[in-house]
Amino acid sequence: MKTLVVADDITGANDIAVMYAKSGLKTVTYTCGTETLFQAGEAVCVADTDSRFLEPKEAYRRVYDAVKLAPDCDRYFDKQCSVFRGNIGAEFDAMLDALGEDFAVVVPGYPENGRTTINSIHYVHGVELAQSQFRNDPVHPMKESDMCRILASQTRRRVGAITVEDLDKGAEHLKKALEQARQIYQYVIFDTRNEKDLALIARVIAREKVVCGSAQIGYYLGLQEQMERHEPVLAMAGSLTPQTIAQVAYLRRQGFPVIELDTVAVAEGADVLEDLLSRAEAGFDRQNLVLIHTTQEPEKVGETKEKALARGISNVEISGNISSIMARAARELCRRRGIRKCIVLGGDTSAAFCRAMEITGMEIGQEIEPGVPLLKKTGEDFHFVLKSGSFGSEAFIEKAYCKLLPF
């Protein structure tokens, strides 16, 4: 996949270039006036137009020419200042006109640098844009905080918004909201509060040809591209802590295949392995990240213990049996699907996993979140993550997945 990014100044060009580079894509920035874009092996080309302080007509021309200069690309990104200073409307319009397109998604948020958008109102470190330091910008004083109004004042195209209310309803709702907005507007501006929102937005807009906005969404679009072309990753959760339960729920909301191991059936003595493997393989036929988790509902957990005790199996023994089934499933799926990347949640499950995968030593890599590193099986090209059930943010599995992608 090839992406052309057009940026309105050189520092902004490198701002988004590093986002794509961090995601693992070969990225090159070209300075203003360069007549050749894209060399062999480049996935992302960032072209600086040095147009932020020009008159709108000249800014339009430079963006238009940069788009026309590049070979055909899969995605085009007009990167602008994260507080919308400059010729926003003219440059967005130029990209659409040069491509003969009439729709673009706009993501101005840059949470990592304190820029967030809530109900279309843009904030800088929690202060409304019109009340922030940029109110007195010497060239582009920002006296308006509503991003839709700012863009609408600079273009004849219709501008709409997708807000936090839509984001909070998950990926499937968001896709429908985007399709509805496409029927009415030419630009749709997404709210963004945090990196979790950016990851969700990137998944939903992964097939959009034209994206506009600030730099940070570039990282998540790059990761999304990596996810789509990379090999499968198996995640397993055997913990019943609130943290793990939240992490499983989060992944389900993001639309990844989430498969439950019926622990009640295990306690009753049923042979559940083949059914579990079949459902997991069906998940991998749809996506590259699949999560298997043990029963988490308190009532079913209680029933599991009762059924096991009725058969003379203690709580410790049934827990070990369940972990063993999870580990056997991991070993078999790795064999069948050629999986060499796994994420395991829960101490007992992690121990069983290491035994099943014959892991006797592990190289320690970078830390994903406090106390949880990337790991590599010594002497083999097998990468994995082992996490205590009580550790990690709700987006931990997705974050670990992204960290595993480049390997």
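Good morning. I begin with N119, which sits in the loop between β6 (115–118) and β7 (121–124). Please bear in mind throughout that this is a predicted model.

N119 is not a glycine, yet its phi is positive, at about 55 degrees. Most residues other than glycine have a negative phi. As for its surroundings, N119 has a relative accessible area of 46%, so it is classed as partly exposed.

Let me turn to a second residue with a positive phi. E358, again a residue other than glycine, has a phi near 55 degrees. Where does E358 lie? It is found in the loop between α14 (347–356) and β16 (362–369). Is E358 buried or exposed? Its relative accessibility is 62%, and the threshold for exposed is over 50%, so E358 counts as exposed.

My third residue is H140, which belongs to the loop between β8 (127–128) and α4 (147–152). Here the relative accessibility is 17%; because buried means under 20%, H140 counts as buried.

Which residues does H140 touch? Leaving aside residues up to four places away in sequence, H140 is in contact with R52, F53, R85, G86 and F134. With R52 there is also a polar contact: the side chain of H140 reaches the backbone oxygen of R52 at 3.3 Å.

To review the three loop positions: N119 is partly exposed, E358 is exposed, and H140 is buried. A positive phi was noted for N119 and for E358, while for H140 I described the contacts with R52, F53, R85, G86 and F134. Thank you for your attention.

Definitions and conventions. Residues are numbered from 1 along each chain as its sequence is written. This is a predicted model: local features need pLDDT of at least 70, side-chain atom pairs count only at pLDDT 80 or more; totals for chains, interfaces and linings use all residues. Side-chain values use heavy atoms; hydrogens and water are left out. Helices (H or I, at least four residues) and strands (E, at least two) are DSSP runs, numbered from the N terminus. Buried means under 20% relative accessible area, exposed over 50%, partly exposed in between (1.4 Å probe, protein chains only). A polar contact is a pair of N or O atoms within 3.5 Å; within protein, one must be able to donate a hydrogen and the other to accept it, and residues adjacent in sequence count only if both atoms are side-chain atoms. Contact means heavy atoms within 4.5 Å.
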